[in-house]
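Me: I have a structure open and would like to go through it with you. Could we take it region by region?

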Amino acid sequence: MRRGKGKLSTVNWILVLLAGIFQISSFILDQIVIQYEEDYRKANFEILNKSESRSAYLKMNNRVGDFLLAFENTVFLVSASNFSEDKKKFYYFSNIFDQTRLMEDIINDEMVIEGLKNRTIKATDTSSDELNQKTFSFAEYFQYLIDENHWLTGELEKDPNFIQTYTDRDGKIYQSSALETTKAFVEHNNYYLQDLLEAMAELGIETSKNLNLLIKDSSTIENRKQLILLFGVVFQLLSLLCLLILFRGLLVSKNQVI
C-alpha cells in the first residue's frame, strides 16, 4: 500500500479557507451581538428611568391639580359666604398649611426638581426695594413661597389678629388685616401652583414622547441582534459544512490511494 504525498488539493484549500472565513465571520458577529446586548441593556435602563419620571410627573400633576381645585373652591366659597372673620381665617389658614406641605413635597422630590431645573418663573423680587421682576428657578421660588408661608404661620400663632403694614413704590402706607393677608397668600400660592401644574403636564408629555422613542430604539436593537444571531448560526453551519466536505474528500482520496 502507498500513501499520497499528503498534500491538499486546490479545492481542499479553498474549503479550508472558506471554513476559516465563516468561523471568523461568526466570531465577529458574536462580538457585535455582545455590543447590541449592552446597548439593549442601556436602552432598557433608560426606559425604566423615563417610565419612573413619567409616573412621578403624572402623580405630581394629579396631586397639584386636585389641591389647586380645592384651594380655588375654598377661596370662591369662603369669599362669597357669610362666615365670621375667624372662620374665614381658619379656612384660609388650612389652605396655607396644605399648600406649604404640597410645595415642600415638590422641593424634596429630586426627580421632579431635576425635570424642572431648566424651567424658570418670573416673579417680583421682594428682597429689593424696587420690587422689580426677577427670573427664578422653580426650586428657588417655591422655597421662597414655603419660607413666606412659614413666616405667615408664625405671625398668626403670635397674634391671630395682626395687622401688616407695607409701603408701595409711591411711598403710600397700607395696612392689611390677618384675614386679608392670609387670603392674599392663598391666592398668590395658587397662581404659581398653576404654573407648576402646566409645567408638570408639559414634562409628562415630553417624557412620554421620549419614552416612545426609547421603546422603538430598544425594539430596533433587539431585532438587529436577532438578525445578527441568525447570520452567526448560518456562518457556523456553513463552516461545518465546508469541514464536512473537506473531511469527506480526504477520506475518499485516502481510500482511493489505498
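The exchange below goes through confidence, helices, aromatic rings and some single residues.

Me: Before anything else, what is the mean pLDDT of the protein?

Reply: This is a predicted model. Its mean pLDDT is 83, and 91% of the residues reach 70 or more.

Me: And where is confidence lowest, and where is it highest?

Reply: The lowest confidence in the protein belongs to strand 3, residues 163–167, with a mean of 77. Helix 4, residues 138–158, has the highest, at 89.

Me: Let us stay with helix 4, then. How many residues has it, and how far does it reach?

Reply: Helix 4 has 21 residues. From its first C-alpha to its last it reaches 30 Å, close to the 30 Å expected at 1.5 Å a residue.

Me: Which residues of helix 4 are buried?

Reply: The buried residues in helix 4 are Phe 138, Tyr 141, Phe 142, Leu 145, Ile 146, Asn 149, Leu 152, Thr 153, Glu 155 and Leu 156.

Me: What comes after helix 4, say at Asp 159?

Reply: Asp 159 is placed in the loop between helix 4 and strand 3. Its C-alpha atom is separated by 8.8 Å from that of Ala 178, although their positions lie 19 residues apart along the chain as a sequence separation.

Me: Why does Asp 159 count as partly exposed?

Reply: Asp 159 counts as partly exposed because its relative accessibility is 35%, and that class runs between 20% and 50%.

Me: Now the aromatic rings. How many aromatic pairs are there?

Reply: The count comes to 11 aromatic pairs. One of them is Phe 67 with Phe 71, a tilted pair at 5.7 Å centre to centre with 50° between the planes.

Me: How are Phe 67 and Phe 71 placed along helix 1?

Reply: Phe 67 and Phe 71 are four residues apart in helix 1, so about one helical turn separates them. Both residues are buried.

Me: What about Tyr 141 and Tyr 192?

Reply: Tyr 141 and Tyr 192 also form a tilted aromatic pair, with 4.7 Å from centre to centre and 55° between the planes. This pair links distant parts of the chain, since Tyr 141 is in helix 4 and Tyr 192 is in helix 5, 51 residues apart. Both tyrosines are buried.

Me: Which residues form the aromatic cluster there?

Reply: One aromatic cluster is formed by Phe 136, Tyr 141, Tyr 144, Tyr 191 and Tyr 192.

Me: What does Ile 121 touch?

Reply: Ile 121 lies in strand 1, residues 120–124. Not counting residues up to four places away in sequence, Ile 121 touches Lys 134, Thr 135, Phe 136, Phe 138, Tyr 141, Phe 142 and Tyr 192.

Me: Is Ile 121 buried or exposed?

Reply: Ile 121 is buried, because its relative accessible area is 2% and the buried class means under 20%. From Gly 20, Ile 121 is 66 Å apart in space, C-alpha to C-alpha, and 101 residues apart in sequence.

Me: Back to rings for a moment. Which residue lies over the face of Phe 83?

Reply: Lys 87 lies over the face of Phe 83, at 4.9 Å from the ring centre. Lys 225 has such a position over Tyr 40, at 5.5 Å from the ring centre.

Me: Next, helix 2. How does its span agree with the expected one?

Reply: Helix 2 has 24 residues, which should span 34 Å at 1.5 Å a residue. The end C-alpha atoms are 34 Å apart, so the two agree.

Me: And which residues of helix 2 are buried?

Reply: They are Lys 88, Lys 89, Tyr 92, Asn 95, Ile 96, Gln 99, Thr 100, Leu 102, Met 103 and Ile 106.

Me: What does Asn 95 touch?

Reply: Asn 95, with a relative accessible area of 6%, touches Phe 71, Thr 74 and Val 186, leaving out residues up to four places away in sequence.

Me: Where does Thr 74 lie?

Reply: Thr 74 lies in helix 1, residues 10–80. Thr 74 is buried, at 17% relative accessible area. Apart from neighbours within four places in sequence, its contacts are Ser 79, Tyr 91 and Asn 95.

Me: Last one: what does the side chain of Ser 208 reach?

Reply: Ser 208 is in helix 5, residues 178–257. Its side chain reaches the backbone oxygen of Gly 204 at 2.9 Å.

How values were computed: Residues numbered from 1 in each chain as written. Predicted model: local features only at pLDDT ≥ 70, side-chain atom pairs only at ≥ 80, totals over all residues. Heavy atoms only, no water. Helix = DSSP H or I, 4+ residues; strand = E, 2+ residues; numbered from the N terminus. Polar contact = N/O pair within 3.5 Å; in protein donor to acceptor, adjacent residues only side chain to side chain. pLDDT = per-residue confidence, 0-100. Buried < 20%, exposed > 50% of the residue type's maximum accessible area, 1.4 Å probe, protein only. Contact = heavy atoms within 4.5 Å. Expected span 1.5 Å × (residues − 1). Phe/Tyr/Trp six-rings, centres within 6.5 Å; stacked < 30°, edge-to-face > 60°. Lys NZ or Arg CZ within 6 Å of the ring centre and 35° of its normal.
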